[in-house]
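Student: I've got a new model open and would like a quick walk through it. Can we start with the strands?

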Amino acid sequence: MCQLLGMNANVPTDVMFSFTGLATRADEHQDGFGIAFFEDKGLRQFIDAQSARRSPVAELVKHYPIHSEIVVAHIRKATQGRVALENAHPFVRELWGRYWVFAHNGNLEGFHPRLHGAFRPVGDTDSERAFCWLMQELAKAHAAVPGIDELTRTLHELLPVPARHGTFNLLLSNGQALWAHATTSLWSLQRQHPFGAATLADEDLSVDFAALTRPDDRVAIVATEPLTSDEAWSPFLPGELRVFVQGRQHPAVD
């Protein structure tokens, strides 16, 4: 399976530390990587069909402090679809005048929905097919971009449909919020004042966030598995959808 990394903050923040931890896991997930950074309504996206352990693009991301309030990253272990650039996550589409970014960990067997609108896969993965279906159904459900709570209610209705076909752990964002859905393994972490030091679980690297942050900063991290060994990560329940806004988990909606 693939590995996911999401970040949501209340101030533009770099993700070099967490991405370094994610990239270390590319020894077992060698079939490409990608990362997308929202900057207001704009988007920077870097993808490569090479492993994040070998890619010069990944090395750039590890050492280039791009500051963003929402980041979605992915390292791929192919299940469906060949190893190719068009199959590297995260995938991007436009809806209601905003970019939408999607990354998936899992495998969906037999999910071949009818796609009859503007959203069609470029590659041949189950993940991109599911993303196109999701965008199509969101466009049918709302005439214009709704609020975060209303979008969350719609996602609660839609996400179980592809999830019935297998593992559907995902990250989704339109630059306003970060949605994270789990069917198997997904964890989240809240960093806020008082900040402390953190050590990567897969590499001998530590950062003292107290020296890099202000008291009112907040950062939420989502990952397939905890990236650090000394912080309080919270596991998702099967089928759980969490929403992160301004660096904290948004209250659940009915």
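**Strand pairing first**

Tutor: This is a predicted model. Strand 9, residues 187-192, runs antiparallel to strand 12, and 6 bridges join them.

Student: Which residue of strand 12 stands opposite Ser188?

Tutor: Val222 does.

Student: And how many bridges does strand 9 make with strand 13?

Tutor: There are 2 bridges, again in the antiparallel sense. Trp187 stands opposite Pro235 of strand 13.

Student: What comes between strand 12 and strand 13?

Tutor: A loop, with Thr224 in it. Strand 12 covers 218-223 and strand 13 covers 234-235.

Student: Is Thr224 buried or exposed?

Tutor: Buried. Its relative accessibility is 4%, and buried means under 20%, so Thr224 qualifies.

Student: What does Thr224 touch, apart from its sequence neighbours?

Tutor: Setting aside residues within four places in sequence, Thr224 contacts Cys2, Gln3 and Leu4, then Asn105, and also Ser185, Leu186 and Trp187. Trp187 is the residue opposite Pro235 in strand 13.

Student: Which atom of Leu4 lies 2.7 Å from a polar side-chain atom of Thr224?

Tutor: The backbone nitrogen of Leu4.

Student: Switching topic. Which strands make up the open sheet, and in what order?

Tutor: The order is 5-6-7-8-14-15, so to speak left to right, with antiparallel pairing across its 6 strands.

Student: Which are the edge strands?

Tutor: Strand 5 and strand 15, the latter at 248-249. Each pairs on one side only.

Student: Start with strand 5. What is its partner?

Tutor: Strand 6, residues 98-105. The two run antiparallel, joined by 5 bridges. Phe91 of strand 5 has Phe102 as its bridge partner in strand 6.

Student: Which residues of strand 5 are on the covered face, and which on the uncovered one?

Tutor: Phe91, Arg93 and Leu95 are on the covered face. Val92 and Glu94 are on the uncovered one. In a regular strand, side chains alternate between the two faces of the sheet.

Student: What about the turn between strand 5 and strand 6?

Tutor: The two strands form a hairpin with 2 residues between them. Trp96 sits in that turn with a positive phi of about 60°.

Student: Why would a positive phi get a mention?

Tutor: Because most residues other than glycine have a negative phi.

Student: Which other non-glycine residue has a positive phi, of about 55°?

Tutor: Asp40. Asp40 lies in the loop between strand 2 (33-39) and strand 3 (42-48). Asp40 is exposed, with a relative accessible area of 68%.

Student: Back to the other edge. How does strand 15 pair?

Tutor: Strand 15 pairs with strand 14, residues 241-245, in the antiparallel sense over 2 bridges. There, Phe244 has Gln249 as its bridge partner.

Student: Where are the cis peptide bonds before Pro90 and Pro194?

Tutor: One joins His89 and Pro90, with omega about -5°. Pro90 is in the loop between strand 4 (68-75) and strand 5. Another joins His193 and Pro194, with omega about 0°. Pro194 is in the loop between strand 9 and strand 10 (197-199).

Student: Now empty space. How many cavities of 30 Å³ or more are there?

Tutor: A search of the whole structure finds 1. The largest cavity holds about 50 Å³.

Student: What lines the largest cavity?

Tutor: The lining includes Cys2, His89, His104 and Asp126. Cys2 also contacts Thr224, and His89 is joined to Pro90 by a cis peptide bond. By class, the lining has 2 nonpolar, 6 polar and 3 charged residues.

Student: And what is the volume of the largest pocket?

Tutor: About 380 Å³. Its lining has 20 residues, and Thr13, Asp14, Phe209, Leu212 and Thr213 lie nearest the centre.

Student: Which elements give two or more residues to the lining of the largest pocket?

Tutor: Strand 1 (3-13), helix 1 (16-24) and strand 12. Strand 1 gives the largest share, 4 residues.

Student: How does that lining divide by class?

Tutor: The lining of the largest pocket has 12 nonpolar, 4 polar and 4 charged residues.

Note on methods. Residues numbered from 1 in each chain as written. Predicted model: local features only at pLDDT ≥ 70, side-chain atom pairs only at ≥ 80, totals over all residues. Heavy atoms only, no water. Buried < 20%, exposed > 50% of the residue type's maximum accessible area, 1.4 Å probe, protein only. Polar contact = N/O pair within 3.5 Å; in protein donor to acceptor, adjacent residues only side chain to side chain. Contact = heavy atoms within 4.5 Å. 1 Å grid on protein atoms, 1.4 Å probe; cavity = no way out; pocket = protein on both sides within 12 Å on 5 of 7 lines; lining within 4 Å. Points joined across faces, edges and corners; volume = space filled by probe spheres on them. Nonpolar A, V, L, I, M, F, W, Y, C, P; charged D, E, K, R; others polar. Pairing = 2+ DSSP bridges.
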